[in-house]
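I opened the notebook to look up two things: how some helices pack, and what surrounds the ligand.

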Amino acid sequence: MYKNLILKSGRDRSIYNRHPWLFSGAIKDLPDARNGDIVAVRDNHNGLLGYGFFSPHSQIVCRLFAFTKEETDFSGPDFWHQRIRQAYAIREEHIFSESTTAYRLLHAEGDFLPGVIADVYGDVAVMQLLIKGTENVHPHLISGIRELGIRYVYLKNKHNPGFREEVALENGFLTGETSETHCTILENGLTFKIDFEKGQKTGFFIDQRDNRALLKSYSRGRSVLNTFSYTGGFSVYALAGGAAHVHSVDVSKDAVQMGDTNVALNFGPDAAHQSYAEDCFDYLRRTENSYDVVVLDPPAFAKNAKSVPNAARGYKDLNLTALKKINPGGILFTFSCSQNIDTDLFRKIIFSAAADAQRNVRILHQLTQPPDHPVNIFHPEGEYLKGLVLQVE
Ligand code: SAH
């Protein structure tokens with residue numbers, strides 16, 4: 001019932017290793033299928049290996065969502081609903097609670113659903129469909145999400161004109177009923193307002209939840225600088241932890257305003273918080289302040305493999321500048337969310353910044369993404385967030 005994608009002889013190793021991506025070099029016969037169709041992946045002897053979404057215009061011509069030797073029909077909702085229930089089971093047990101109402105429900109390959117991201121904010125799931133194949137099955141994804149009791153599904157795709165995998169669905173509520181495009185959530189008992197229509201990505205950087213909680217435990221009585229502060233996530237936690245004062249810096253005026261709103265929602269109008277809508281590199285160079293704790297959570301500097309050397313220089317420069325602003329005995333929380341910069345390289349970059357800063361530096365914590373951003377062990381590319389907590393003498 002599905003068109004066949006036949007692999008070259010000896011090129012089925014990656015499938016044995018359950019890697020979900022197939023590159024064009026491994027393919028013997030491309031199917032006569034359309035962008036986004038489900039295809040059956042077969043070895044050179046026509047043996048079935050699994051099923052995936054076909055992307056003829058991409059380097060990754062197929063993203064597998066099922067490894068099976070059994071002929072299977074994916075046209076009904078059952079398979080998709082089961083995937084969603086399996087994803088939810090982890091979140092329900094470990095994350096979702098009365099005091100934490102925002103979590104990532106679907107993390108693409110990490111939940112065996114390539115191309116699908118869904119972040120839940122209370123009764124709304126904000127979804128991103130990153131490849132055409134996911135558009136074809138989206139009614140099953142929506143009904144599966146609604147079966148969990150989540151009432152609304154909102155599509156928040158980044159539209160890239162000219163990108164040939166472009167999903168044609170319009171952004172907005174996909175569930176018939178509409179609601180507000182902003183909401184208030186709780187994270188570890190702290191309140192955040194989220195604008196998922198205008199905000200970045202799905203509206204909130206849920207992946208830093210555990211790391212923000214750790215910052216809270218380092219904040220008592222300390223002066224804290226939160227750079228790339230977006231809507232104030234780390235700042236709110238620092239204040240909750242009893243920081244003496246917190247400075248937030250982000251280049252986006254809207255984000256800074258929302259950060260101020262979030263601080264006020266939690267601590268009223270007189271919180272010990274000051275925000276700056278400014279480039280973080282400029283701020284760090286111009287300020288005469290020094291801090292007990294600095295947070296560096298920049299956007300991904302390396303968008304692809306080619307930009308790694310430039311990105312590495314960017315991270316080093318940023319960390320070196322920040323290290324110079326840290327009081328003796330102070331703490332640096334430093335992150336990279338570039339998929340192309342792995343844990344080892346990140347550590348080398350920070351090593352090099354620490355050497356140039358001529359400070360004694362110890363690693364206290366090595367941080368990563370939380371369990372609602374799981375890493376499929378066969379798809380190490382999904383491990384993108386890394387962080388170090390350093391003590392700086
Ligand atoms: N730490 C945040 C998420 C940071 S996202 C949280 O926990 O929610 C990255 C942020 O960096 C975005 O808000 C973006 O506006 C900001 N940004 C990007 N380049 C910047 C620059 N050069 N200077 C200041 N902010 C920048």
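I looked first at helix 6 and helix 7, which cross in a right-handed sense (the near helix is turned clockwise from the far one by less than a right angle; anticlockwise would be left-handed). This is a predicted model, with residues numbered from 1 along each chain as its sequence is written. Local features need pLDDT of at least 70, side-chain atom pairs count only at pLDDT 80 or more, totals for chains, interfaces and linings use all residues, and side-chain values use heavy atoms, without hydrogens and water.

Helix 6 spans residues 233-240 and helix 7 residues 253-267; helices are DSSP runs of H or I, at least four residues, numbered from the N terminus. I read an angle of about 25° and axes 9 Å apart (lines fitted to C-alpha atoms over the stretch in contact, angles from 0 to 180 degrees between N-to-C directions). The pair is therefore roughly parallel (under 35 degrees).

Next I took helix 9 (residues 308-323) and helix 10 (residues 343-357), which pack at about 45° with axes 9 Å apart. That makes helix 9 oblique to helix 10 (outside under 35, 65 to 115 and over 145 degrees). Their crossing is right-handed.

Then I turned to the ligand. I found 15 residues around it, the closest being Arg 212, Asp 250, Asp 279, Cys 280 and Asp 297 (a heavy atom within 4 Å). A polar side-chain atom of Asp 297 is 2.7 Å from a ligand nitrogen (polar contacts are N or O pairs within 3.5 Å). For an N or O atom in the Asp 279 side chain, the distance to a ligand nitrogen is 3.0 Å.

Definitions and conventions: A polar contact is a pair of N or O atoms within 3.5 Å; within protein, one must be able to donate a hydrogen and the other to accept it, and residues adjacent in sequence count only if both atoms are side-chain atoms. Helices (H or I, at least four residues) and strands (E, at least two) are DSSP runs, numbered from the N terminus.
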